[in-house]
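Here's a walk through one protein model, sheets first, then helices, cores and a few single residues. Keep the viewer open as you read.

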Amino acid sequence: MAHYVGAIDQGTTSTRFIVFDRAGAIVSVGQKEHEQIYPGPGHVEHDPLEIWRNTQDVIREALAKNGLKPQDLAAIGITNQRETTLIWDKRTGKPLHNALVWQDTRVDAIVEEFAQDGGYDRLRAKTGLPLASYFSGLKLRWLLDNVPGARAKAEAGDVLFGNIDTWLVWNLTGGVNGGCHITDVTNASRTQLMNLASLEWDEEILRLFDIPQACLPQIRSSSEVYGEATDSMAGVPIAGILGDQQAALVGQACFQQGEAKNTYGTGCFMLMNTGETPYPSKYGLLTTVGYRFGQGKTVYALEGSIAIAGALVQWLRDNLGMIEKSPDIETLARSVDDNGGVTIVPAFSGLYAPHWNSHARGLIGGLTRYATKAHIARAALEATAFQTREVLEAMAKDTGIAVRELRTDGGMVVNELLMQFQADILDVPVVRPKVIETTALGAAYAAGLATGFWSGTDELVRNWAIDKRWKPAMDASRRERLNVVWNRAVSRSLDWVE
């Protein structure tokens with residue numbers, strides 16, 4: 001009998017395979033980073049073949065660490081960096097171009113072109129999304145227009161499109177030998193090509209963007225058996241797919257309307273469960289699919305997407321050489337009592353929610369001779385918390401629901417200075433669960449539900465447990481002063497690029 005469920009967590013900077021037991025505890029982990037490719041300003045790419053090789057490597061690594069065999073796994077779930085877009089040849093399995101990462105802004109001109117008729121929100125009623133370089137649909141349009149021969153092959157059904165989830169499932173289930181070409185509702189909702197109400201590809205939008213339907217994957221639920229793995233994992237069901245942020249929502253057991261989580265990774269992503277009706281946003285948030293388990297009701301969410309969070313720490317490490325390792329940021333920031341008047345707005349690829357200003361650019365403001373690298377380090381951490389505050393306030397305006405606590409996860413939540421400042425600037429308790437790898441856990445839950453490994457969401461709620469809670473400790477007047485300075489800095493960053 002299989003005692004575990006495996007999850008592939010394919011993120012922006014690395015790929016992991018994590019094995020979980022019935023209590024949702026981690027049994028084994030394999031991880032491998034992949035190259036970040038920057039062919040030009042605002043261009044970010046990944047090599048899909050490297051990601052596929054790494055996926056196979058980390059599965060082998062995680063199993064070998066604990067002497068596990070494929071038959072020890074009841075199922076495998078997949079969670080992935082969303083919006084990252086690729087096309088590949090159906091007959092050879094080779095990508096026609098590197099994947100365009102969600103941060104890539106090369107389609108800005110196409111966004112402007114479509115926004116001239118009806119504005120940036122012209123597709124929001126159908127898709128829940130504004131026109132932006134963020135989403136997959138226009139990235140796909142760019143690939144079809146710029147890769148020689150791609151459009152003709154796509155129209156003939158010989159070129160396949162997918163986000164990373166689709167690429168991995170196709171390869172895991174056989175690739176050129178009958179691999180499943182599918183995606184789930186959460187990933188499809190991030191393409192700007194799916195109708196939120198029907199959960200099907202929208203023919204009107206496909207005509208508008210000039211996207212041939214023949215290259216699109218079939219849309220399935222987030223939790224069902226899609227097929228079986230082949231080769232070294234032969235016979236293991238592939239049974240769950242969730243975009244990374246929706247996976248974290250599930251991993252945090254946010255199954256009740258009004259429950260919210262924030263994931264602190266490369267970017268920062270807050271999702272609030274809004275129930276069974278798509279909730280339109282008037283304050284710059286995204287309406288998205290939260291999850292759909294099998295034939296059950298579709299659950300929707302409001303999302304605030306922040307492009308740069310942990311990536312700012314990486315920038316200080318790699319580009320400026322201010323720290324040797326990412327965790328060093330906390331030690332450096334703790335060496336001073338405050339930010340020394342320094343504010344950083346990390347609009348490296350524009351600002352996402354709630355501003356949606358692709359022409360914004362990053363800035364460091366408030367510099368004096370007093371400022372040191374420690375003040376810059378502290379301002380970098382605070383930037384993530386300030387951006388999160390903007391999103392939480394927008395959610396309260398849209399829904400009328402005041403979030404009572406914020407559940408947090410992702411790599412940055414081990415930074416206790418950040419977590420305390422987050423509670424202070426929100427004036428809301430911040431909670432870290434015992435298992436912070438909630439993205440992978442959510443994918444495992446989806447797969448385990450589909451195969452009967454877990455009985456239902458009540459069992460998943462019982463698995464969730466608190467590791468630490470931070471309570472607000474900042475006085476209201478200081479909080480207000482800091483927010484005023486942040487808002488002023490953001491206003492300076494907007495429309496920096498003409």
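## Ground rules

Two strands count as paired if DSSP finds at least two bridges between them. Helices (H or I, at least four residues) and strands (E, at least two) are DSSP runs, numbered from the N terminus.

This is a predicted model, so local features need pLDDT of at least 70 and side-chain atom pairs count only at pLDDT 80 or more, while totals for chains, interfaces and linings use all residues. Residues are numbered from 1 along each chain as its sequence is written, and side-chain values use heavy atoms, with hydrogens and water left out.

## The seven-stranded sheet

One open sheet is built from 7 strands with mixed pairing, in the order β17-β18-β16-β15-β21-β22-β23. Its edge strands are β17 (286–291) and β23 (466–470), each paired on one side only. On average, neighbouring strands here are turned by 30° against each other, direction ignored. For angles, axes are lines fitted to C-alpha atoms (for helices, over the stretch in contact), and values run from 0 to 180 degrees between N-to-C directions.

Inside this sheet, strand β21 (residues 406–409) runs parallel to β22 (residues 430–433), and 2 bridges join them. L406 sits opposite V430 in β22.

## The six-stranded sheet

Another open sheet has 6 strands, ordered β3-β2-β1-β5-β14-β13, again with mixed pairing. β3 (26–33) and β13 (223–228) are at the edges with a single partner strand each, so one side of each has no neighbour in the sheet. The average turn between neighbouring strands of this sheet is 25°, direction ignored. Strand β2 (residues 14–20) pairs with β3 in the antiparallel sense over 7 bridges, and F17 stands opposite G30 in β3.

Two helices to look for here: α1 (residues 48–65) packs on the sheet and touches β1 (4–10), β2, β3 and β5 (73–80), where touching means heavy atoms within 4.5 Å. The direction of α1 makes about 150° with that of β3. Helix α9 (residues 244–251) also packs on the sheet, touching β5 and β14 (237–243), and its direction makes about 100° with that of β14.

## Nonpolar cores

A nonpolar core is a set of buried Ala, Val, Leu, Ile, Met, Phe, Trp, Tyr and Cys residues joined through side-chain atoms within 4.5 Å. Buried means under 20% relative accessible area, exposed over 50%, and partly exposed in between (1.4 Å probe, protein chains only). The largest core has 72 residues, and Y134, Y264, V345, W356 and I425 have the most contacts inside it. Helix α12 (residues 373–399) gives the most to this core, with 13 residues. A second, separate core of 35 residues includes L131, L140, W142 and I205.

For W356, leaving aside neighbours within four places in sequence, the contacts are P130, A132, Y134, F135, G284, L286 and L351.

## Helix α13 and its ends

How many of the 11 residues of helix α13 (residues 416–426) are buried? The count is 9, so α13 is largely enclosed by the rest of the structure. Among the buried ones are L417, F421, D424 and I425.

At the N-terminal end, N415 acts as the cap: a side-chain oxygen lies 3.3 Å from the backbone nitrogen of L417. Just after α13, D427 takes a positive phi of about 60°.

## A few residues worth a click

N273 lies in strand β16 (residues 268–275) and counts as buried because its relative accessibility is 1%. Beyond residues up to four places away in sequence, N273 touches several others, including L249, C254, Q256, E259 and Y300. C254 is itself buried, with a relative accessible area of 0%.

R317, in helix α10 (residues 310–318), is partly exposed at 25% relative accessibility. The side chain of R317 makes a polar contact with the side chain of S326 at 3.1 Å. A polar contact is a pair of N or O atoms within 3.5 Å; within protein, one must be able to donate a hydrogen and the other to accept it, and residues adjacent in sequence count only if both atoms are side-chain atoms. R317 and N415 are 98 residues apart in sequence and 16 Å apart in space, C-alpha to C-alpha.

## Cysteines

Taking a disulfide as a pair of cysteine sulfur atoms within 2.5 Å, the count is 0. The closest cysteine sulfur to that of C180 is in C215, 18 Å away, which is too far for a bond. C254 is in no disulfide either, with the nearest cysteine sulfur, that of C268, 14 Å away.
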